[in-house]
2 protein chains.
Amino acid sequence: MKIQSPPGMRDLYPEDMRLQNWLFDAWRRASRAFGFSEYEGPIFEFLDLYTLKSGAGIVSELFTFQDRGERHFAIRPEMTPTLARMVAARANALPRPIKWFSVPRMCRAERPQRGRLREFYQWNVDILGVEDPLADAEVIAVAVEFFRSIGLTSEDVVITVNSRPVVSAALASIGIAPEENERAFELIDRHDRLSAEDFAKLWDEAYSDRVSSTRLMTFLTDTRMSACLEMAKCAGEEGRAAVEQLHALWERLHQLGVRDSCEFDLKTVRGLAYYTGTVFEAHARKGGLRALMGGGRYDDLTGLLDGPRVPGVGFGMGDAPVLEFVRDAGKLPQLADDLDVYVIDADHTLFPELLALVGLLRRSGLTVDFSYKRLPVAKQFKQAAGRHARYAIVVGAEYTARQELTVKNLDTGHQLPVAADRLRSDARDVLGGV
Amino acid sequence: MKIQSPPGMRDLYPEDMRLQNWLFDAWRRASRAFGFSEYEGPIFEFLDLYTLKSGAGIVSELFTFQDRGERHFAIRPEMTPTLARMVAARANALPRPIKWFSVPRMCRAERPQRGRLREFYQWNVDILGVEDPLADAEVIAVAVEFFRSIGLTSEDVVITVNSRPVVSAALASIGIAPEENERAFELIDRHDRLSAEDFAKLWDEAYSDRVSSTRLMTFLTDTRMSACLEMAKCAGEEGRAAVEQLHALWERLHQLGVRDSCEFDLKTVRGLAYYTGTVFEAHARKGGLRALMGGGRYDDLTGLLDGPRVPGVGFGMGDAPVLEFVRDAGKLPQLADDLDVYVIDADHTLFPELLALVGLLRRSGLTVDFSYKRLPVAKQFKQAAGRHARYAIVVGAEYTARQELTVKNLDTGHQLPVAADRLRSDARDVLGGV
């Protein structure tokens, strides 16, 4: 019986896995450069953890199931609820600031179709316990550093930055009251993913009595940061605090050396209800509207779970959009599972000695392989090249005659006879000299 | 509303994650030393993939669910069916030998109770496309190398080795016919996990007319390898081939330098129906009967999925038993998310310069952090120590006076004034000299 791969899920063959690991390594390296610690949570959670925050409507987007105890679970569609649960459970014991990252695997019950994955990975970075916009700047800077480390500069990727209280004041100026923000933010956030007609239809249904979709988009695109800040300053205490915070954020971004990658953008609002302050996204400068990353400041995630209030700021970055962008930008790296040494059998009576040498070299920390089949020497050299080995070691007549092995540097073609004992006792040094 | 972690699942806080990553790194390093390539598959598969091999009985052990298209899926409880599916799908295109490893996350619908996890990770290592027992020796050797690399020698861990055709011949000699093997192997395999009474009850129900459970265990424990091989030699072509293969395996284990870690054990039979040749397990030498790893040779996994026949050999090693063993053996490593540099603010008017330095050092590949709060210098030094920083760099009066920073080696206590420009252009060299 032939069984397919489940729709929307990925099989990662070694060549795919190398690319995936390259991305994961870059995410981890950037996180660690900034002093973040890695955490992980379970692949599924109690269903309530998701409905609590997002309402029952989210259930259709989840893979849900029961165990024999008839408890309801869902495979995680995002990491933030797990983060909130874990932090709430130890809120008083965790040293501040909490600087955590994770590279969780997650699933969404998308209708399977091209480019819509049901399973994906997402880099999550959060700082909790810090109100200072310095934390907002740090999480934005770690994203910029990740892009830089894989060869994407401020000319390739822009971080669009906004502030929920600021955009709220701006929207109020065109007649959208603060209590309508949640729905308005959700629609504006979906603008990139909807057709112009669909967006106009949805927006105009709700708000055309105050502002048409066309006027809204012109307003969001053309209103400058200075004008927005003026509006916010007039919007009471909260608005004035937001203006100060945005100014401070801008300064910190400059000081951390990532200001070039950031732009104020009134259209960046994010769709999730829990953001309360700064919101931001990463976008390709050219083409591709879809966000590469999105995040923001939230002030009471843990409170939802009966934990003490712990303010935080963080983002999620999916693997698929980043890899697609890197591919389109022609910046995919050449990756291979290379070897340090391929050991070549030039005299099969010495095969036991070859195996002993292989065992010894591997124990010394080198990556080593050899042919399981008896093959002509030329063919083994071909295999060594195919496996991207840096050195070949030939076990043959010189071993019988003088206990010597031939070591060949496969990059330079240079080769040397080496006493077997020296290679056994000091492999790395010997190889380094060939 | 307070929501718990789902029963039987693990929250990995940073200290847990460090240990988990330490194990994963050791698994990956050993795999790569032997020339294995990493692969991954989806977290859930079509339910059929599991019932096909194991029958409908397995469903109660799985977390199963449907999507809106009413297709049935299950979270993977093991990796081998995914491996078989992926290899079958590209059987003719994949270069041989196929040397693959994976570190998949998987779930089983265990009744939640102490020590019974519903979610775990398992190191999977397989060689496909090689009939030669050299492949069996290689997969055993990579497991031994992993144990060695984390400080566990042949005095700590033993690999028990057996051969299904050989044990089959031995069982035939006490009256258990080959067609009863599947059930007998399954029971013998569970022997470690059942109480003596439960095992006796189950065994005697089925086989006491031929051999009592007491006599069986004595027979399995006391019969020497040489005697088993004699029985197998008399068991026709297949028995003779098995004897030769076991001899060859033993020789290869010796040549690869891992013979000391291996012992013939007639009780090692493995419970899964698909093993056809060599079977093996890893066990602690002292205490702890539970297998740390189990595997064997299978000859037709891909055939089940309408692929061409691809013989293989491999094993799975769970994370929980290994970590528990390492903990019991007192060999848990001391792990910390250490930093290269902690930058200390000794003059808050210079904080913008401090941030610029932090950004620059991080971009040079160093792991760097600093306090988000304004704190006394002594407290910042304490934080630097708490974060396991190797160096502290103090930004203070010397910077204003002479554009100098103080670099302190926190291991040795040694400290030096350094020109800020030198640190900016050549951080690694400067730090190396302090």
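In this predicted model, a network of salt bridges ties together A:K99, A:E138, B:R362, B:D369 and B:R387. That network draws on residues of chain A and chain B, and it has plenty of company: a search of the whole structure turns up 69 salt bridges over all chains, and the rule finds twelve across the interface of chain B and chain A. One of the pairs between chains is A:E15 with B:R90, where the closest N and O atoms sit 3.2 Å apart.

Polar contacts add to the picture, with 44 residue pairs across the interface of chain B and chain A, both partners at pLDDT 80 or more. On the side of chain B that touches chain A, the residues split into 46 nonpolar, twelve polar and 33 charged. As for extent, the contact takes 91 residues from each of chain B and chain A. About 7,800 Å² is buried between the two chains, and carbon and sulfur atoms give 58% of that area.

Then there is the symmetry. Chain B superposes on chain A after a rotation of 180 degrees with 0.0 Å of shift along the axis, at an RMSD of 0.1 Å. The two copies are therefore related as by a two-fold rotation axis. In chain B, the C-alpha nearest that axis belongs to B:F65, at 2.8 Å from it. The interface tells a matching story: 100% of the interface residues of chain B are also interface residues in chain A, so the copies meet through the same surface.

Asp67 turns up in two of the salt bridges, once in each chain. Within chain A, the side chains of A:D67 and A:R71 meet at 3.0 Å, N to O. A:D67 is buried, at 8% relative accessible area, while A:R71 is partly exposed at 32%. In the other bridge, B:D67 pairs with A:R118, again with 3.0 Å between the closest N and O atoms. Here A:R118 lies in the loop between strand 6 (105-107) and strand 7 (119-128) of chain A, and B:D67 in the loop between strand 3 (64-66) and strand 4 (72-75) of chain B, so the pair joins two chains. Both ends are tucked away: A:R118 is buried with a relative accessible area of 3%, and B:D67 counts as buried at 7%.

A further bridge stays inside chain A, between A:D340 and A:R390, at 2.7 Å from N to O. This pair links distant parts of the chain, with A:D340 in strand 13 (residues 339-345) and A:R390 in strand 15 (residues 389-395), 50 residues apart. A:D340 counts as buried at 16% relative accessibility, whereas A:R390 is partly exposed at 30%.

Notes
Residues numbered from 1 in each chain as written. Chains lettered and ligands numbered in written order. Predicted model: local features only at pLDDT ≥ 70, side-chain atom pairs only at ≥ 80, totals over all residues. Heavy atoms only, no water. Contact = heavy atoms within 4.5 Å. Buried area = accessible area lost by both parts, 1.4 Å probe. Salt bridge = Lys/Arg side-chain N within 4 Å of Asp/Glu carboxyl O. Polar contact = N/O pair within 3.5 Å; in protein donor to acceptor, adjacent residues only side chain to side chain. Nonpolar A, V, L, I, M, F, W, Y, C, P; charged D, E, K, R; others polar. Least-squares fit on C-alpha atoms with pLDDT ≥ 70 in both. Buried < 20%, exposed > 50% of the residue type's maximum accessible area, 1.4 Å probe, protein only. Helix = DSSP H or I, 4+ residues; strand = E, 2+ residues; numbered from the N terminus.
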